[in-house]
Amino acid sequence: MSNQEIIEKIKSSFCNLTNFKVRQNALEVITAYSTINSKFVSVFITLTNNKIVITDSGWIDQNYYETPLYDEFEFIVNRITTAFKSSFNVKSTLDKEGVEYYYKTCENLEQIPSAVFDLSNFIVGVVNAFCIQYKDEKEEKERETFRRDANDYLKVNYSDMVKLRSALDDFQSIKFNAIINKSSKLYLLTYVTGSTQTYFENDLRKSIVNFEIAVKSKYQDLIKERLTIINDKSEGYLPEKSAFIFELLKEKTTREPVKWTEKERILELI
Amino acid sequence: MRFALTPEMGRIHEMEKVFNFVCKQVTTNCKTTRMNRTNKDIKDQFDFFKELVTVDKIVLTKTIQLEPKKSNAKWLTGQSSIQHQTISDDIIFFVERSKRDSKYGIKLRCPSLTSEPFFRFDSDGPAHRNDFPDIPLEEQSVTTPHFNSYKEDGKPIAYKNDTLKKEYDAQIIAEDINFGVSLFCMECNSKLSTGDFPTVIDKEPEIEFTAIQNINFDNISFE
């Protein structure tokens, strides 16, 4: 196998991958660019208003590339789209029905391949951005497991006395993982976990703020203990690195945080 | 006559040939693991999936009316239940059509198997990439109209049957949803109890369908 053979094979394969469809008022170029969800990108060439316009035919906006919908991360995709629009000098316009068309214009035949190249790269980038699950699944799973285990433990030991994901009446937006009402005394509990130091510390900060607010409640006299249960099995539990935040937490709680591996301590305290 | 394409389309065993071809490819191409698009449900229950597709099925609704789709104002949708000869699980036949152009899609779903449609037809839209190392690059692109199915390893695969390989026939099918429904039904061994194929009609009068295929440039202004 000679270099020349390899060169020719690659050149002809790449070239033959590009297909065309003659449409009613556009030439569709089925490009050799594909997305991570296995779609080949198409661009549409048409002559209009004395210009050559190359568009995506509204395919991105109409989800013809069948990307999943992760609504909560739309802002990320929007930022990526904006960045790619400016990098590839792609513009967009809406048609009468509100469908967004991405396009490039050119003056003459010579400019067409370059515009097709840019618009195709743009579409690949945007479609791929839509395909990605930005949510940290490992973190979500670990958090859910810990929350469930802790909830179950409290339910087993305090049954009707425990209210999960509950708030004090006068601060409804501040939710504690659990509030235990035993012998007319309230015990506020927060859970702290995280698969990374950042996630773990975010939970610590949330606990600090919640307890800070709790002492301003009109029920303050009824609150017997403010407690944090920490998942010392989680990868984000790095007590030395997070020492400063742990110190702050101690100022806001009534006891040392309860490690999950020593959860029996909860039964002594409540 | 509503259906007037090449006679070979009428042969139901056509599907089996294509399916066998697809399945043969399966055994030779199971190594790729690009982006995790494997349908694990289908991979784990491939015999069930194969039975779903190949065994005769009865479409229970003779005339499927398209109504506005709730989740997408630009699409119309209609459906029918399917009675499978050997499987009693719920199987649903879906037809969807864009109000803007003539693009439509037909799908079969079996919720007890998997949440995705297990067999589909796309009249238009992007070409699918069959990115398996044994397929030469220039043959990896399967333009629309095409069928979408699954291989034994749960990987999606697009293909054209002999009818769709003929450009002229493919174009006629892409432009007429009822031709598409007939082709689809033959491909997945489905028909009405009368032996005919279901008919798709718009609930709204056809006159509202004015958009021409692809882009209507009168609607758009460019800088």
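Here are some exercises on the two-chain structure above, each with a worked solution.

Before you start: this is a predicted model, in which local features need pLDDT of at least 70, side-chain atom pairs count only at pLDDT 80 or more, and totals for chains, interfaces and linings use all residues. Residues are numbered from 1 along each chain as its sequence is written, while chains are lettered from A and ligands numbered from 1 in the order in which they are written.

**Exercise 1. Two helices side by side**

Work out how α2(A) and α3(A) are arranged, and which residues make the contact.

*Solution.*
Step 1. Let's get the vocabulary sorted. Helices (H or I, at least four residues) and strands (E, at least two) are DSSP runs, numbered from the N terminus. Axes are lines fitted to C-alpha atoms, for helices over the stretch in contact, and angles run from 0 to 180 degrees between N-to-C directions.

Step 2. Find the geometry. Helix α2 (residues 74-87) and helix α3 (residues 112-131), both of chain A, pack with axes 9 Å apart at an angle of about 170°. That makes α2(A) roughly antiparallel to α3(A) (under 35 degrees counts as roughly parallel, over 145 as roughly antiparallel, 65 to 115 as roughly perpendicular and the rest as oblique).

Step 3. List who touches whom, where contact means C-beta atoms, placed from the backbone, within 7 Å. From α2(A) come A:Val77, A:Ile80, A:Thr81 and A:Phe84, and from α3(A) come A:Phe122, A:Gly125, A:Val126, A:Ala129 and A:Phe130.

Step 4. Sort them by class: this contact has 7 nonpolar, 2 polar and no charged residues. (Ala, Val, Leu, Ile, Met, Phe, Trp, Tyr, Cys and Pro count as nonpolar, Asp, Glu, Lys and Arg as charged, and the others, Gly among them, as polar.)

**Exercise 2. A sheet and the helix on it**

Trace the open sheet of chain A from edge to edge, then find a helix that packs on it.

*Solution.*
Step 1. The strand order is β7-β8-β9-β10-β11 in chain A, 5 strands with mixed pairing. Strands pair if DSSP finds at least two bridges between them.

Step 2. Look for strands that pair on one side only: these are the edge strands, β7 (162-167) and β11 (258-259) of chain A.

Step 3. Zoom in on one edge. Strand β10 (residues 223-230) of chain A pairs with β11(A) in the parallel sense over 2 bridges, and A:Ile229 has A:Val258 as its bridge partner in β11(A).

Step 4. Add the helix. Helix α4 (residues 137-158) of chain A touches β7, β8 (175-182), β9 (185-192) and β10 of that chain, and its direction makes about 130° with that of β7(A).

**Exercise 3. Checking a helix**

Compare the expected span of α5(A) with its end-to-end distance, then say which of its residues are buried.

*Solution.*
Step 1. The expected span is 1.5 Å times one less than the number of residues. For the 18 residues of helix α5 (residues 197-214) of chain A, that should be 26 Å, and the end C-alpha atoms are 26 Å apart, which agrees.

Step 2. Buried means 20 or more other C-beta atoms within 10 Å of a residue's own, exposed means 12 or fewer, and partly exposed lies in between, with C-beta atoms placed from the backbone. The buried residues of α5(A) are A:Phe200, A:Asp203, A:Leu204, A:Ser207, A:Ile208, A:Asn210, A:Phe211 and A:Ala214.

Step 3. Their cover includes β8, β9, β10 and α6 (243-252) of chain A.

**Exercise 4. Where the chains meet**

Describe the contact between chain A and chain B.

*Solution.*
Step 1. Chain A puts in 36 residues and chain B puts in 25. On the side of chain B, strand β7 (residues 127-129) gives the most, with 3 residues.

Step 2. By class, that side of chain B has 10 nonpolar, 8 polar and 7 charged residues.

Step 3. Strands pair across the chains too: strand β3 (residues 39-48) of chain A and β7(B) are antiparallel over 2 bridges, with B:His128 as the bridge partner of A:Lys39.

**Exercise 5. Odd backbone spots**

Place A:Asn63 and A:Ser159, and decide whether each is exposed or partly exposed.

*Solution.*
Step 1. A:Asn63 has a phi near 55°, positive in a residue other than glycine, and belongs to the loop between β4 (51-55) and α2 of chain A. With 14 other C-beta atoms within 10 Å, A:Asn63 is partly exposed.

Step 2. A:Ser159 is not a glycine either, yet its phi is positive, about 30°. The loop between α4 and β7 of chain A holds A:Ser159, which is exposed, with 8 other C-beta atoms within 10 Å.
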